[in-house]
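Q: Could you take me through one part of this structure up close? I'd like to see how a single strand sits among its neighbours, and then what lies around it.

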Amino acid sequence: MWQRIKNIYHLGIAFIANMWYGFPSRKLRVIGVTGTDGKTTTTSLIYHILNAEGFNASMVTSVGAVIGGKNYDVGFHVTTPSSFAIQKFLKKETEMLKQDGYQTVTRQVQHDNEERFLVLETTSHALDQYRVFGIDFEVGVLTNVTHEHLDYHKTYENYVKTKAKLLKMSKIAIVNRDDESYGMIKDKGLITKNKIKLITYGMGANADVNPGNFPFKTNLIGDFNKYNILAAISSCKALGVPPDAIRKGIESFVPPKGREDIVYPSAGSGRADFTVMIDFAHTPNAFDQILSAIRPSIKGKLIHVFGSAGQRDASKRPLMGKASSKYADIIILTSEDPRSESVDQINKDIESGIKNQESKVIKIPDREEAIETAIKMAKNGDFVIMTGKSHEKSMNYGHGEVSWDEYEVVNKILKIKNQK
């Protein structure tokens, strides 16, 4: 009830933001991407394909915003910015219309300079709180709906309904036919076909876009990335991008920072002793997807360092432990924005789901110490993966944000180890 009252306030703010900036989305072709997992990669893929083909495109993701070729920070722990921040980004994009001859660095083909695209990563919180109210979405993409944010939405059905709001706001709705959410969207009439063009994607022939009718090559790992790619293909096809241009964009795509990011050994280093990866995975499904993708190639042990956010969905914690223990030989539980919750209690919740007795569990509350322990114990053929923090630049221990850089910490520890 209290959240509904707050959302009325958010709606008012969003309306004022639209008015203040002159409803800028009406001058753009806006693509919204929502889902539990895969939002950032899918958003970045669509943006990359458009830019590689020479279209004027920008994007806003949890990693940051790229508007007119310039990078902007979106703030701490933010996926979808506030309504005023979003409208400001949209306005900046429309201002590019006045710049004759504007070209992105990657432009290969010159297209109509009057046509501009913006790809917006959109969370369920942003949809529920009207942060994207007033945006004229041409395409709405739903990647999947898995176990997450049930502290806020209470039930899976409510979570799906909130995600479906983006589809209702769009002229073209693109959904994952293989995901559990599809049945609910279809059976409960969460979108109406006669008003919205519905496009499905999936691995089977029953999906409108699938690997059979749109084959592609990619360097990305895992089936989860095949779904992200199919979502991007569906979007770009709907926007009129030529098939060959879509395929070229997929082949040249590099994942955004903190997504399946192998930081050691570095390319061309000649080393092949052990591997270190940083990834943003922070849900049971994301754990299952990334760990199952890397496990078959590991000759030694898989060492997984992670925690779970405090004052957030606690019901997912045992499921995260269960997912990790299916693949990891060594699990190191640590801090991940515990806020005012006890790190020890959070890690007990995670550990309660670990059923594989062969997985060794180590609990180290200090994240830097946990990472140091993981890297120091790594031997030839081992694979160390840190999940949950990735690109984020701060940690929350319940007294505001403090500086944190996962990459800086990892590189410092690697440097010390390699000097010995």
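A: Let's start with a word we'll need: a residue is buried when its relative accessible area is under 20%. Keep in mind, too, that this is a predicted model.

Now zoom in on strand β14, which covers residues 383-387. This strand is mostly covered, with 5 of its 5 residues buried. Look at one side and you'll find Phe383, Ile385 and Thr387; flip to the other and there are Val384 and Met386. Both faces of β14 are covered, and every one of those residues is buried.

What about the strands next to it? Strands in a sheet pair through backbone hydrogen bonds, in either a parallel or an antiparallel way. β14 pairs with strand β10 (residues 275-279) in the parallel sense, over 5 bridges. To spot this pairing, find Ile278, whose bridge partner in β14 is Met386. β14 also pairs with strand β11 (residues 302-306), again in the parallel sense, over 4 bridges. Here the place to look is Ile303, which stands opposite Val384 of β14. Notice that Met386 and Val384 are the two residues we just met on one side of the strand.

Next, follow the chain out of β14. The loop between β14 and β15 (394-396) holds Lys389. Is Lys389 buried or exposed? Its relative accessibility is 0%, so Lys389 counts as buried. Its side chain has polar company, though. One polar contact, at 2.8 Å, goes to the side chain of Asp337. Another polar contact, also given as 2.8 Å, joins the side chains of Lys389 and Glu392.

For a second example of a buried residue with polar contacts, jump to helix α2 (residues 39-52), where you'll find Thr40. With a relative accessibility of 4%, Thr40 counts as buried because that value is under the 20% cut-off. Its side chain makes a polar contact with the side chain of Glu121 at 2.9 Å, and a polar contact of 3.1 Å joins the side chains of Thr40 and Arg259. Leaving aside residues up to four places away in sequence, Thr40 touches Glu121 and Arg259 as well as Thr61, Ser62, Val63 and Pro256.

So, back to where we began: β14 has both faces covered, pairs in the parallel sense with β10 and with β11, and is followed by a loop that holds the buried Lys389.

Conventions
Residues are numbered from 1 along each chain as its sequence is written. This is a predicted model: local features need pLDDT of at least 70, side-chain atom pairs count only at pLDDT 80 or more; totals for chains, interfaces and linings use all residues. Side-chain values use heavy atoms; hydrogens and water are left out. Buried means under 20% relative accessible area, exposed over 50%, partly exposed in between (1.4 Å probe, protein chains only). Two strands pair if DSSP finds at least two bridges between them. A polar contact is a pair of N or O atoms within 3.5 Å; within protein, one must be able to donate a hydrogen and the other to accept it, and residues adjacent in sequence count only if both atoms are side-chain atoms. Contact means heavy atoms within 4.5 Å.
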